[in-house]
Amino acid sequence: MASVTLDQATRRYSGADRPAVDRFDLTVGDGEFVVLVGPSGCGKTTSLRMIAGLETVDSGRILIGTRDVTDADPKDRDVAMVFQNYALYPHMSVAQNMGFALKIAGIAKSEIRERVLDAARLLDLEPYLDRKPKDLSGGQRQRVAMGRAIVRRPQVFLMDEPLSNLDAKLRVQTRNQIAGLQRRLGITTVYVTHDQVEAMTMGDRVAVLRDGVLQQCAVPRELYRSPVNMFVAEFIGSPAMNLVTLPVVDHSVALGDWSIPVPREITGTTSELVIGIRPEHLDVGGTGVEMQIDVVEELGADAYLYGRIAGPDNTFGQPIVVRADGQDPPSRGSRVRVHPQPGHLHFFGVDGHRLL
């Protein structure tokens, strides 16, 4: 196995006003599972293709282990890629699809058969080895694509949104299988997704990208608890963190009739702050700021209240989302008071960077 390093890796497309990937620095440890996540167009798939050798690196380097592979052909990088559309040959059986790369490489038939059977047992594909892809479900096709990567015994797995074609229930089941399989095999893996829930539940670490620039790379818990800027704060967590821009007056800010003390190390640096608080860290009832509920989203155990909070002139404008008990949530159109749980406020500057 081997580590993967992107050292100031940059990719520019002609005619574009900014790089698709801009000075990307990241090291994926030997055996680590790292997820690249971000909105469409953020550069995550381009980064993956740069590692695979399918995209040119305009500046910077790509290393696999200690070997500089920046200019190496894809076939010489010892990586295996699982694509979004699985890329299976429709005229071949499952066994033939899984063993095709080994056949091209000139591996003996007996070894190909042994490797394919080993991977099929690992992926519960033994009953389907003689079937064609058209006779398989989406989840089974995805496992065949995984099997084709496994039989090559590469140093690195690269996965480009492999679950995007599956329905919601199968996505949950399959992502658990992939994460468990990676841990059993111990193969260094770089995984791309736009789904932050998928990223948070699968990755040892998660790298958040925006406009080709790495925003933060950390373990999921740290991304959630200590986002470095407002983009990460909004992107990680569902529903997104509530963010409100407020003036600082006498070492505090006021959200409706709710006064929030501001730590002294912050108040001397700015006249405005962005206060962040997650929906699950707001409690309903008692004292606090008044909220008018516009929509109630009931999810069984929990309910999410979407509404607006009262401003200084007693009009309701600032949107807010609050998680409530799903057993007996307030009704749409009603007004409630909400207040934060102690120790769960986030402070950002108006430039978007975290202050505290």
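This is a short tour of a protein chain, with suggestions for what to select at each stop.

**The whole chain**

Start with everything shown as a cartoon, and keep in mind that you are looking at a predicted model. The chain has 356 residues, and 49% of them are buried. Its C-alpha trace spans about 80 × 45 × 35 Å along the principal axes. Colour by secondary structure and you can look for nine helices and 19 strands. Of the contacts between residues at least 6 apart in sequence, 65% join residues at least 24 apart.

**The largest nonpolar core**

Next, select Met98, Tyr191 and Val208 and show their side chains. These residues have the most contacts inside the largest nonpolar core, a set of 43 residues. Which helix gives the most to this core? Select residues 138-151: this is helix 4, and it contributes six residues. As background, nonpolar side chains in soluble globular proteins tend to be buried together.

Stay with Val208 for a moment and display what lies around it. Leaving out residues up to four places away in sequence, Val208 touches Val37, Val213, Leu214, Gln215, Gln216, Leu223, Phe231, Val232 and Ile236.

A second core, separate from this one, has 27 residues. To find it, select Val34, Met50, Met81 and Val156, which are among its members.

**Helix 2 and its cover**

Now select residues 94-104, which form helix 2. Its buried residues are Val94, Asn97, Met98, Gly99 and Leu102. You have already met Met98 as one of the residues with the most contacts inside the largest core. What covers the buried residues of helix 2? Add residues 109-122, helix 3, to your selection together with helix 4: both are part of the cover. Then step just past the end of helix 2 to Gly106, where phi is positive, at about 85 degrees.

**Leu181 in helix 5**

Move on to helix 5, residues 168-185, and pick out Leu181 within it. Is Leu181 buried or exposed? Its relative accessibility is 6%, so Leu181 counts as buried. Show Leu122, Leu123, Met146 and Ile150 as well: Leu181 touches these residues, not counting those up to four places away in sequence. For a distance to try in the viewer, take the C-alpha atoms of Leu181 and Asp124. They are 12 Å apart in space, while the two residues are 57 apart in sequence.

**The cavity**

How many cavities of 30 Å³ or more does the structure hold? There is one, and the largest cavity has a volume of about 50 Å³. To see its lining, select Asn242, Leu243, Val244, Leu255, Trp258, Ile275, Ile277, Ile309 and Ile320. Strand 11 (242-247) and strand 14 (272-277) are the elements that each give two or more residues to this lining. Strand 11 gives the most, with three. By type, the lining has eight nonpolar residues, one polar and no charged.

**Two cysteines**

For the last stop, select Cys42 and Cys217. A disulfide is a covalent bond between the sulfur atoms of two cysteines. Here the count of disulfides is zero. Cys42 is in no disulfide, and the nearest cysteine sulfur to its own, that of Cys217, is 13 Å away. Cys217 is likewise in no disulfide. Compare their surroundings with a surface switched on: Cys42 has 1% relative accessibility and so counts as buried, whereas Cys217, at 25%, counts as partly exposed.

Technical notes: Residues numbered from 1 in each chain as written. Predicted model: local features only at pLDDT ≥ 70, side-chain atom pairs only at ≥ 80, totals over all residues. Heavy atoms only, no water. Core = buried A, V, L, I, M, F, W, Y, C linked by side-chain atoms within 4.5 Å. Buried < 20%, exposed > 50% of the residue type's maximum accessible area, 1.4 Å probe, protein only. Helix = DSSP H or I, 4+ residues; strand = E, 2+ residues; numbered from the N terminus. Contact = heavy atoms within 4.5 Å. 1 Å grid on protein atoms, 1.4 Å probe; cavity = no way out; pocket = protein on both sides within 12 Å on 5 of 7 lines; lining within 4 Å. Points joined across faces, edges and corners; volume = space filled by probe spheres on them. Nonpolar A, V, L, I, M, F, W, Y, C, P; charged D, E, K, R; others polar. Disulfide = S-S within 2.5 Å.
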